[in-house]
Amino acid sequence: METLRVLVTGGAGFIGSHLVKALVKAGHQVRVLDNLSTGSIENLADVLDAIEFVRGDVRDYGAVESAVRSVDAVVHLAALIDVAESVEKPDLYFDVNVRGTYNVVRASKNVSTFVFASSSAVYGEPIRVPIPEDHPLMPKSPYAASKVSGEAFAQAFANQYGFRPVILRLFNVYGLKQSMFYAGVIIEFIRRVSRGEPPVIFGDGEQTRDFIHVSDVVEAVMLSLRNEGVRGVFNIGSGEGVTINRLANLILKLMGREDLKPIYAPPRPGDIRHSIADISRAQKELGFKPKLGLEVGIKELIRHNVIRVE
């Protein structure tokens with residue numbers, strides 16, 4: 001793979017910081033654009049000397065245009081990602097996720113590849129599971145709607161400018177360095193059990209989710225950059241579903257706290273019932289193959305004392 005100049009928006013965040021390190025390790029030139037609202041410069045501490053860091057906001061077109069200048073590829077990760085928060089603050093999610101994405105793709109007229117981090121939330125409540133990429137898009141929250149809009153802008157500007165669009169619909173990503181602001185259910189369960197508190201399950205716990213380790217997501221992005229003939233939309237998940245009840249019981253078992261019984265709360269607005277990825281297209285066209293199983297990934301988080309992770 002040739003050396004690329006890559007801009008990563010949101011590169012100081014959870015997924016972004018893992019990706020930046022992988023890009024540096026692979027010998028690419030990396031520029032990061034991040035406003036550090038939820039990301040942390042500490043996430044990039046061991047590669048700061050090897051990258052160009054620009055503190056800026058995707059809502060600021062001038063900052064975006066400057067950051068995109070002279071790069072070969074853009075990986076757009078910067079976004080707000082809390083479904084419940086998006087219901088409470090739809091204007092904020094429009095500004096950051098819709099206008100921000102519009103700014104990034106509009107500024108990307110001279111890049112060769114544009115990778116957009118979308119979400120499984122675009123599918124809404126699925127009519128069939130596992131969910132294929134041609135499933136109807138039925139967003140249930142402003143967050144989900146913002147990702148549908150982002151996909152549309154990426155496709156529209158790809159048609160206008162001629163860059164290669166790769167849209168990755170990420171399922172439930174977890175791993176080290178997940179932000180305290182948007183902790184996923186796995187980290188939240190571990191954190192509570194670490195304090196001797198039972199996991200809190202919203203709804204009856206029989207809803208299913210497809211959990212994918214951040215290292216596998218990073219590999220999907222690297223494959224997207226590497227495979228120059230690939231374009232379009234790809235589901236990135238494990239291809240396996242797990243109920244939240246089973247997840248809670250697994251974490252309690254691995255942490256030796258099966259005496260703590262989960263407690264149940266009302267379902268959260270915007271949540272969906274079942275979500276499992278059909279990853280056959282990503283396997284066939286991207287060469288994507290998830291490597292880290294859920295139990296191994298959870299053990300890693302427990303071992304690194306995730307309660308201290310910011």
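Tutor: Two strands pair if DSSP finds at least two bridges between them. The model discussed here is predicted.

Student: What is the order of the strands in the open sheet of seven strands?

Tutor: Strands of a sheet pair through backbone hydrogen bonds, either parallel or antiparallel. In this open sheet the pairing is parallel. The order of its seven strands is 3-2-1-4-5-6-11.

Student: Which strands stand at the edges?

Tutor: An edge strand here has a single partner strand, so one side of it is left without a neighbour in the sheet. The strands in that position are strand 3 (52-55) and strand 11.

Student: Which residue of strand 11 does I167 stand opposite?

Tutor: Strand 6 (residues 164-170) and strand 11 pair in the parallel sense over five bridges. Opposite I167 stands V233.

Student: Is strand 11 largely enclosed or left open by the rest of the structure?

Tutor: Buried means under 20% relative accessible area. Five of the five residues of strand 11 (residues 232-236) are buried, so the strand is largely enclosed.

Student: At what angle does helix 2 run to strand 2?

Tutor: Helix 2 (residues 61-68) lies across strand 1 (5-9), strand 2 (29-34) and strand 4 (73-76). Its angle to strand 2 is about 175°.

Key
Residues numbered from 1 in each chain as written. Predicted model: local features only at pLDDT ≥ 70, side-chain atom pairs only at ≥ 80, totals over all residues. Heavy atoms only, no water. Buried < 20%, exposed > 50% of the residue type's maximum accessible area, 1.4 Å probe, protein only. Helix = DSSP H or I, 4+ residues; strand = E, 2+ residues; numbered from the N terminus. Contact = heavy atoms within 4.5 Å. Axes fitted to C-alpha atoms, helices over the stretch in contact; angles between N-to-C directions.
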